[in-house]
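Biologist: I should like to learn how salt bridges, burial and helix packing are read from a set of coordinates. May we work through one case together?

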Amino acid sequence: GRLPWLENFVFSTNSDTRELAACIYGELAASMEASAAEAVVQGLTKLIGKDEHGKEAALEKRQGSILALGYVLSHAVEQVTNSHRISKETLSSVLLLLTLALSDRRAEIVSAAARAIGLTGVHSALPLPPGKMPAVVSPAVAADVEGDKGVTAMDTEEDELTVVRIIRALGTVVNKKSDDKDKSSETVWKEAEDAAHAVGMLAVSNRSAAVLAACTEVLYSTAGLKRTEEYHFCVGEALACCAGGRVLTSPQLLSQLRLPPAYQDSGSDAERASAAWSAAGTADVTNEAMVGILDHVMNEVLTDGKPLVRAAGAPWLLCLLRYNSEHPDVQSRIATFQEHFAYLLQERGEYLQEVASKGLGLCYDMCTDDAVKDELVATLAKALMSGAAMSQPKRQKTDENEQIFDEGEMKIDDKALGEGSLTTYKEL
């Protein structure tokens, strides 16, 4: 149940080589008879945990095995029925193993487990119950998430493994705090980015309302977090997958998520293969997913009073425009996209201004109606040449207790006001 001649590369000390070899390994194993492919999966699972003496394999072997598992399960899908070839029992046990690995002490293992979960669910719906979000998060779970203790898929009230439980486990990694002293911030971001992508990948083929609600809840919760620009673009790409699904998400993004980061698609073969795979899918019955995400980003995130939240919403909006441009609801709102990007040009931060300028260019490039294109140009030119400030898109009423500064960020040292810090509109 193994391919020993390729394993030296799967377990390489070079991370790029490991994942490229794992991808090839997965393709080869998936092309075998179902029983042989299942034997490969069983063999790889034995290398992830501890042996009979309670010892773990080397980090490279564990990480390589996890990635290889992800690619085997990703490719072992029947083209006609679009169902997994590996038995439901084996697939469930592997997914449980991967979900538990999300709380591993090694960041590399967490990243690999998130990647493998995403790969397993991107090509076909997981043969698991969708599940549901708990009505109320228990105090113990809330404390674990706040304290960054690595909650796993076992943190809901359900007794069986469900897709929603897996997404919630990924969510604890997506929202992981950066003040973990045992890991560098870059490593923490890498884990969170891989987990965010995994949430989006699961949403590509798992399109039930409960699953999509869980995915968007996890991704929306990142808006107020201090993160890198790259992190928020990863979340935006995941939101694009949630909004567009298999059929209306850009083949460019699907190709990027399905293949190793180090893969160089110089001939665009992978993108063409993604386009063909995408076209063979079934579109959503309704446009609720796209409408809900656009409404949230435009009406709540981008009109929020906190600059930190708007800084997350800008790349999200850019990703939705770039990767879901063929969606009818994106085309019908193209003028609204331009309105938001034009207003973001007035933000003080260079990063937001850069995102806004890219967004304005994309509005024109992605618009499919020539008459609307002319209108976009005329509207933008008139606004820029007038010299007047851009009008802000509709903004929700400000709550006086809404936090606009982090604790200690806006300090006071005044004889009349005393010492302390401002955090809310009311205090300001």
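Modeller: Let us begin with accessibility. Glu 78 counts as partly exposed because its relative accessibility is 38%, and partly exposed covers the range between under 20% and over 50%. Please keep in mind that this is a predicted model.

Biologist: With which residue does Glu 78 form a salt bridge?

Modeller: The partner is Arg 85, and the closest N and O atoms of the pair are 3.6 Å apart. Arg 85 is likewise assigned by its relative accessible area, which is 21%, so this residue is partly exposed.

Biologist: How many salt bridges does the rule give?

Modeller: The count comes to 13. The rule asks for a side-chain nitrogen of Lys or Arg within 4 Å of a carboxyl oxygen of Asp or Glu. One of the pairs is Asp 284 with Arg 207, where the closest N and O atoms lie 2.6 Å apart.

Biologist: Where in the chain do Asp 284 and Arg 207 lie?

Modeller: They are 77 residues apart, and the pair links distant parts of the chain. Asp 284 sits in the loop between helix 13 and helix 14, whereas Arg 207 sits in the loop between helix 9 and helix 10. Asp 284 has a relative accessible area of 32% and is therefore partly exposed.

Biologist: Which residues are joined into one network by salt bridges that share partners?

Modeller: The network consists of Glu 56, Arg 62, Asp 104 and Arg 105. Within it, Glu 56 pairs with Arg 62, with 3.3 Å between the closest N and O atoms.

Biologist: Is Arg 62 buried or exposed?

Modeller: Arg 62 is buried, since its relative accessible area is 5%. Glu 56, at 34%, is partly exposed.

Biologist: How should the packing of helix 8 and helix 10 be read?

Modeller: One takes the angle and the distance between axes. For helix 8 (residues 163-174) and helix 10 (residues 209-220), the angle is about 5° and the axes are 9 Å apart. Helix 8 is therefore roughly parallel to helix 10. The contact includes Val 163 and Ile 167 of helix 8, and Ala 214 and Cys 215 of helix 10. By class, the contact has nine nonpolar residues, one polar residue and no charged ones.

Biologist: Which residues does Ala 270 touch, leaving aside those up to four places away in sequence?

Modeller: Ala 270, located in helix 13 (residues 269-279), touches Ser 255, Leu 259, Tyr 263 and Asp 265. With a relative accessible area of 12%, Ala 270 is buried.

Technical notes
Residues numbered from 1 in each chain as written. Predicted model: local features only at pLDDT ≥ 70, side-chain atom pairs only at ≥ 80, totals over all residues. Heavy atoms only, no water. Helix = DSSP H or I, 4+ residues; strand = E, 2+ residues; numbered from the N terminus. Buried < 20%, exposed > 50% of the residue type's maximum accessible area, 1.4 Å probe, protein only. Contact = heavy atoms within 4.5 Å. Axes fitted to C-alpha atoms, helices over the stretch in contact; angles between N-to-C directions. Parallel < 35°, antiparallel > 145°, perpendicular 65-115°, else oblique. Nonpolar A, V, L, I, M, F, W, Y, C, P; charged D, E, K, R; others polar.
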